[in-house]
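User: I would like to go through the labels attached to this model and set each one against its rule. Please give the criterion whenever a term comes up.

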Amino acid sequence: MTDKRIYNFNAGPAALPLPVLGEIRDSFLNFAGSGMSITEISHRSKWFEDVINDAVARTKRILKLDDRYQVLFLQGGASLQFAMIPMNLLRDNETADYINTGTWVAKAVKEAKLLGKKVNVVASSEDKKYSYIPKNFKLNPDAAYVYITSNNTIEGTQWDKFPETGGVPLIADMSSDIMCKVMDTKPFGLIYAGAQKNIGPAGVCMVIIRDDLLKKVPDTLPSMLRYTTFSNSNSLYNTPPCFAIYTVQLVLKWLEETVGGLDKMEAVNRQKAKMLYDVLDAGGFYKGTAEKDSRSLMNVTFRLPSEDLEKKFIKEATDNGLGGLKGHRSVGGCRASIYNATGIDAIQALTDFMKAFEKKNG
Ligand code: PMP
């Protein structure tokens with residue numbers, strides 16, 4: 001069956017490590033000797049408690065989080081965070097700074113405004129189709145937080161150096177690049193990521209939150225929309241998405257034990273991205289859409305000389321076992337999403353195909 005698997009460049013849900021899928025298959029009917037599947041056991045059982053505790057412990061180790069941070073597993077996708085963040089962390093007499101680098105930030109701004117919150121868009125790259133990460137901007141020293149999206153999945157840009165906030169808590173949507181490289185988490189008050197790109201399947205959102213921000217949470221919010229509900233219950237206030245959390249646990253185990261940690265993962269990711277960008281820069285046939293100093297390690301976006309050629313490229317790639325290369329419907333073009341689970345072998349197959357396609361059609 002595995003020989004029928006394709007090279008998967010989907011943007012999310014996305015490729016998962018093959019050993020993780022194999023472990024799920026092997027344990028599916030009888031999880032940890034329980035005589036039940038992971039999809040059948042109680043979330044209050046010792047078996048599941050071990051799963052969630054291990055997922056939290058691994059996250060803390062991988063990201064070197066200190067004791068001030070809690071790791072939570074929430075539902076509602078990454079999109080619910082667009083609203084939960086201002087609801088929980090932005091009081092009516094406060095303002096927050098947002099740096100608008102793409103579609104997902106724009107959505108977060110919209111949700112905050114819907115709630116009647118005061119939001120300053122302090123910088124934006126919308127003027128050039130979000131093809132770069134803004135550099136010179138002034139942040140408000142009194143802001144409740146500074147909000148960024150660390151990797152712009154649709155536009156193929158990524159923050160290299162995070163903005164200096166002078167102690168104002170940084171909040172990041174890391175849905176499409178969490179755990180792709182070594183980073184200093186200290187400036188962050190909150191980090192969140194829909195799991196379905198770099199750390200698991202759809203259905204769960206990881207939220208990492210610092211204790212000073214937890215203290216701000218108003219207890220007048222509905223329980224399911226309050227971070228403290230989940231921080232006070234080890235994410236077990238209600239029935240969590242057990243299977244998704246289990247898969248996250250296995251992906252984190254793979255990252256620590258098979259890959260060898262974040263520094264090793266980063267080295268592989270840099271090599272993968274370089275292989276692809278080298279092809280984009282080689283001849284003028286392919287054209288990267290992101291400015292060079294803002295390029296993403298995770299989503300490589302590019303155009304071909306015409307839309308007809310793009311259609312042909314995507315079709316022939318699919319016929320050759322290279323899937324998911326169509327750009328997001330809002331921007332068109334092509335996109336190769338090359339998250340942690342995408343191996344060098346996949347990139348090699350893609351770059352070989354791209355060179356051959358260019359030779360035939362260039
Ligand atoms: N933020 C980013 C950076 C994303 O790429 C996405 C999904 N592609 C989202 C948020 C929304 O995620 P979800 O579908 O889990 O709500």
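Analyst: A residue is called buried under 20% relative accessible area, exposed over 50%, and partly exposed in between, with a 1.4 Å probe and protein chains only as cover. By that rule Asp319 is exposed, and so is Lys315. The model is a predicted one, so local features need pLDDT of at least 70 and side-chain atom pairs count only at pLDDT 80 or more, while totals for chains, interfaces and linings use all residues. Residues are numbered from 1 along each chain as its sequence is written, and side-chain values use heavy atoms, with hydrogens and water left out.

User: What makes the contact between Asp319 and Lys315 a salt bridge?

Analyst: The term requires a side-chain nitrogen of Lys or Arg within 4 Å of a carboxyl oxygen of Asp or Glu. For Asp319 and Lys315 the N to O distance is 2.7 Å, and therefore the pair meets the rule. Both residues lie in helix α9, four residues apart, about one turn of the helix; here a helix is a DSSP run of H or I with at least four residues, a strand is a run of E with at least two, and both are numbered from the N terminus.

User: Which other pair has this kind of spacing within a helix, and how are its two residues classed by accessibility?

Analyst: Asp278 and Lys274 both lie in helix α8, four residues apart, about one turn of the helix, and their closest N and O atoms are 2.7 Å apart in a salt bridge. Asp278 has a relative accessible area of 39% and is therefore partly exposed, whereas Lys274, at 52%, counts as exposed.

User: What connects Glu256 to a distant part of the chain?

Analyst: Glu256 forms a salt bridge with Arg61, at 2.8 Å from N to O. Glu256 lies in helix α7 and Arg61 in helix α2 (residues 46–62), with their positions 195 residues apart in the numbering. Arg61 has a relative accessible area of 48%, which means that it is partly exposed. The search of the whole structure finds 21 salt bridges.

User: Why is the pair of Phe313 and Phe357 called edge-to-face?

Analyst: Rings of Phe, Tyr and Trp (its six-membered ring) pair if their centres lie within 6.5 Å, and planes under 30 degrees apart count as stacked, over 60 as edge-to-face and the rest as tilted. The centres of Phe313 and Phe357 are 5.3 Å apart and their planes stand at 85 degrees, so the pair is edge-to-face. Phe313 belongs to helix α9 (residues 307–319) and Phe357 to helix α10 (residues 344–361), 44 residues apart, and the pair thus links distant parts of the chain.

User: How do you know whether Phe313 and Phe357 are buried or exposed?

Analyst: Phe313 has a relative accessible area of 0% and is therefore buried, and Phe357, at 1%, is buried as well.

User: How many aromatic pairs does the ring rule give, and which residues make up the cluster that contains Phe313 and Phe357?

Analyst: The count comes to 15 aromatic pairs. One of them joins Tyr286 and Phe302, whose centres are 5.9 Å apart and whose planes make 85 degrees, an edge-to-face arrangement. Tyr286 sits in the loop between α8 (262–283) and β11 (287–288), and Phe302 in strand β12 (residues 299–303), 16 residues apart. Tyr286 and Phe302 are both buried. Phe285, Tyr286, Phe302, Phe313, Phe353 and Phe357 form one aromatic cluster.

User: What makes β12 and β14 partners, and where do they stand in their sheet?

Analyst: Two strands pair if DSSP finds at least two bridges between them. Four bridges join β12 to β14, which run antiparallel, so the requirement is met. Val300 stands opposite Ala336 in β14. The sheet is open, with three strands in the order β11-β12-β14 and antiparallel pairing; β11 and β14 (334–337) are its edge strands, each pairing on one side only.

User: Which strand pairs with β2, and how well covered is β2?

Analyst: Strand β10 (residues 205–210) pairs with β2 in the antiparallel sense over six bridges, and Gln70 stands opposite Ile209 in β10. Strand β2 (residues 69–74) is mostly covered, with five of its six residues buried.

User: What makes Lys128 count as sitting over the ring of Tyr132?

Analyst: The rule asks for NZ of Lys or CZ of Arg within 6 Å of the ring centre and within 35 degrees of the ring normal. Lys128 lies over the face of Tyr132 at 5.8 Å from the ring centre, so the distance condition is satisfied.
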